[in-house]
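Work through the exercises below with the model open. Try each task before you read its solution.

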Amino acid sequence: MKILFQGDSITDAGRDHSNPHHLGEGYPKYAAQGMQEAFPDVDFEFIDLGISGNQTKDLVARLQSDFVDVQPDIVSILIGINDVWHHAAEKDWIPNEVFEERYRTVLEAIKTQTKAKILMLEPFLIPVADKQVFWEDLPEKINIIRKLAREYADAYLALDGRLNEAFIGTAPTAFAADGVHPTEMGARYIGSQYVEAVSPLVQAVKG
């Protein structure tokens with residue numbers, strides 16, 4: 001069963017780009033471990049093609065080579081924080097309709113050109129002082145992603161909400177010191193949530 005992790009630096013997590021099976025040190029590593037433990041009878045092939053700095057426009061640019069040509073059984077996508085971050089300094093936010101059209105293009109291609117089940121993960125922001133400006137744009141982008149998930153996703157992981165639940169009793173920066181890139185604690189937490197969200201899709205593919 002071929003599992004494709006897609007996204008930006010949170011998915012890339014220092015992976016070896018010369019080896020698509022190298023999962024880096026982020027949530028894909030811990031998600032893969034959890035899936036193997038949960039489904040010892042399944043022969044998984046894990047592929048991580050997350051690329052640091054990517055935005056939705058970059059996923060569109062590599063749709064053929066890094067989505068369609070892979071022909072995964074399950075694909076997960078965590079994208080969107082850079083669509084906000086890269087425009088925060090000037091506050092020249094990407095128009096919501098442009099963001100939606102780009103993300104929709106990716107999802108439509110997966111739906112029409114592969115047989116993959118889709119797990120969408122929403123972008124998140126840990127409350128740190130220097131990134132509070134992101135909140136001027138990020139909630140609208142998350143709402144668009146949730147809307148698209150209702151149309152295209154087979155499963156959805158509301159990470160921003162889940163992380164805010166997890167913060168109770170713990171310093172939020174324990175999960176991501178810079179507000180965006182998970183610590184080991186954050187990566188392990190996201191990995192565990194991923195396993196919970198993806199398990200019904202694994203069962204469906206197993207038949």
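**Exercise 1: two helices that cross**

H2 and H9 are oblique to each other, since their angle falls in none of the named ranges (under 35 degrees is roughly parallel, over 145 roughly antiparallel, 65 to 115 roughly perpendicular, the rest oblique). This is a predicted model: local features need pLDDT of at least 70, side-chain atom pairs count only at pLDDT 80 or more, and totals for chains, interfaces and linings use all residues. Residues are numbered from 1 along each chain as its sequence is written, and side-chain values use heavy atoms, with hydrogens and water left out.

Task: describe how H2 passes H9.

Step 1. Two packed helices are described by the angle between their axes and the distance between the axes.
Step 2. The axes of helix H2 (residues 27–38) and H9 cross at roughly 45° and come within 7 Å. Axes are lines fitted to C-alpha atoms, for helices over the stretch in contact, with angles from 0 to 180 degrees between N-to-C directions.
Step 3. The crossing of H2 with H9 is right-handed.
Step 4. Find the contacts (heavy atoms within 4.5 Å). Residues of H2 including Tyr-27, Gly-34 and Ala-38 meet residues of H9, among them Glu-184, Gly-191 and Val-202.
Step 5. Sort the contact residues: 11 are nonpolar, 2 polar and 2 charged.

**Exercise 2: a second pair**

Task: find how the axes of H6 and H7 lie.

Step 1. Helix H6 (residues 96–113) and H7 have axes that come within 10 Å and cross at roughly 30°.
Step 2. H6 and H7 are therefore roughly parallel to each other.
Step 3. H6 passes H7 in a right-handed crossing.
Step 4. In the contact of H6 with H7, 7 residues are nonpolar, 1 is polar and 8 are charged.

**Exercise 3: one lysine**

Task: is Lys-141 buried or exposed?

Step 1. Locate Lys-141 in helix H7.
Step 2. Lys-141 has a relative accessible area of 0%, so Lys-141 is buried (under 20%; exposed is over 50%, partly exposed in between, with a 1.4 Å probe and protein chains only).
Step 3. Leave aside neighbours within four places in sequence: Lys-141 then touches Val-84, Ile-94, Asn-96 and Phe-99.

**Exercise 4: one face of a helix**

Task: which residues of H8 are buried?

Step 1. In helix H8 (residues 159–166), Leu-159, Asp-160, Leu-163 and Ala-166 are buried.
Step 2. Seen down the axis of H8, these buried residues fall within an arc of 120°, so they line one face of the helix.
Step 3. Their cover includes strand E3 (74–78), strand E4 (117–121) and helix H9 (184–206).

How values were computed:
Helices (H or I, at least four residues) and strands (E, at least two) are DSSP runs, numbered from the N terminus. The arc is that of the directions from the helix axis to the C-beta atoms. A crossing is left-handed if the near helix is turned anticlockwise from the far one by less than a right angle, and right-handed if clockwise. Ala, Val, Leu, Ile, Met, Phe, Trp, Tyr, Cys and Pro count as nonpolar, Asp, Glu, Lys and Arg as charged, and the others, Gly among them, as polar.
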